[in-house]
Amino acid sequence: MRTARGWSSIRAMRSCAKNNCDDVASVTMGLRYEDREVLLADLLGEEDPNLLDLCARHADRLTLPIGWRIRDERSAVAFTWAGRAESSP
Ligand SMILES: [Zn+2]
């Protein structure tokens with residue numbers, strides 16, 4: 001009686017790699033040491049052991065080592081995050 005329905009969609013829903021965060025990942029982050037760049041891109045379809053998946057909130061709050069910069073290659077503001085529920089500061 002087991003239904004294996006929706007397996008592929010479950011696989012596409014990865015959660016944020018940060019501890020204590022259960023948000024759905026929407027950003028894939030990679031480190032390019034030679035260029036001292038943190039690369040942000042839309043979530044990749046497949047998980048890559050060299051890359052980190054982050055939710056939008058954590059991707060926007062990254063703290064970088066001195067001398068590093070962010071290269072944001074996400075497709076603009078195409079994604080909307082469900083709710084925008086943060087009403088209090
Ligand atoms: Zn997160």
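How many C-beta neighbours does Arg36 have inside 10 Å, and does that make Arg36 exposed, partly exposed or buried? Arg36 has 13 of them, so it counts as partly exposed. Keep in mind that this is a predicted model. Here are my notes.

1. **The overall layout.** The protein chain has two helices and four strands. Reading from the N terminus, you'll meet them as α-β-β-β-α-β. The chain has 89 residues, and 10% of them count as buried.

2. **The sheet.** Four strands form an open sheet in the order β3-β1-β2-β4, and the pairing is mixed. At the edges stand β3 (52-54) and β4 (69-72), each with a single partner strand, so one side of each is left without a neighbour in the sheet. On average, neighbouring strands here are turned by 30 degrees against each other, direction ignored.

3. **β2 with β4.** Take a look at how strand β2 (residues 37-42) meets β4: the two pair in the parallel sense, over four bridges. If you want a spot to zoom in on, find Val38, which stands opposite Ile70 in β4.

4. **Glu37.** This residue belongs to strand β2. Outside the residues up to four places away in sequence, Glu37 touches Arg32, Trp68, Arg69 and Arg71. The C-alpha atoms of Glu37 and Ile70 are separated by 5.7 Å, though the two are 33 residues apart along the chain. Is Glu37 buried or exposed? In between, actually: Glu37 has 15 other C-beta atoms within 10 Å, so it is partly exposed.

5. **Contacts across the chain.** Now zoom out again. Among contacts in the protein chain with a separation of 6 or more, 62% are between residues 24 or more positions apart.

6. **Back to Arg36.** Arg36 is in the loop between β1 and β2. Check its backbone too: phi is positive, about 50 degrees, although Arg36 is not a glycine.

7. **Asn20.** Which residue in the loop between α1 (7-12) and β1 (27-32) deserves a look? I'd pick Asn20, which is found there. Its phi is near 65 degrees, a positive value in a residue other than glycine. How exposed is Asn20? The count is 5 other C-beta atoms within 10 Å, and the cut-off for exposed is 12 or fewer, so Asn20 is exposed.

Terms used:
Residues numbered from 1 in each chain as written. Predicted model: local features only at pLDDT ≥ 70, side-chain atom pairs only at ≥ 80, totals over all residues. Pairing = 2+ DSSP bridges. Axes fitted to C-alpha atoms, helices over the stretch in contact; angles between N-to-C directions. Buried ≥ 20, exposed ≤ 12 C-beta atoms within 10 Å, placed from the backbone. Contact = placed C-beta atoms within 7 Å.
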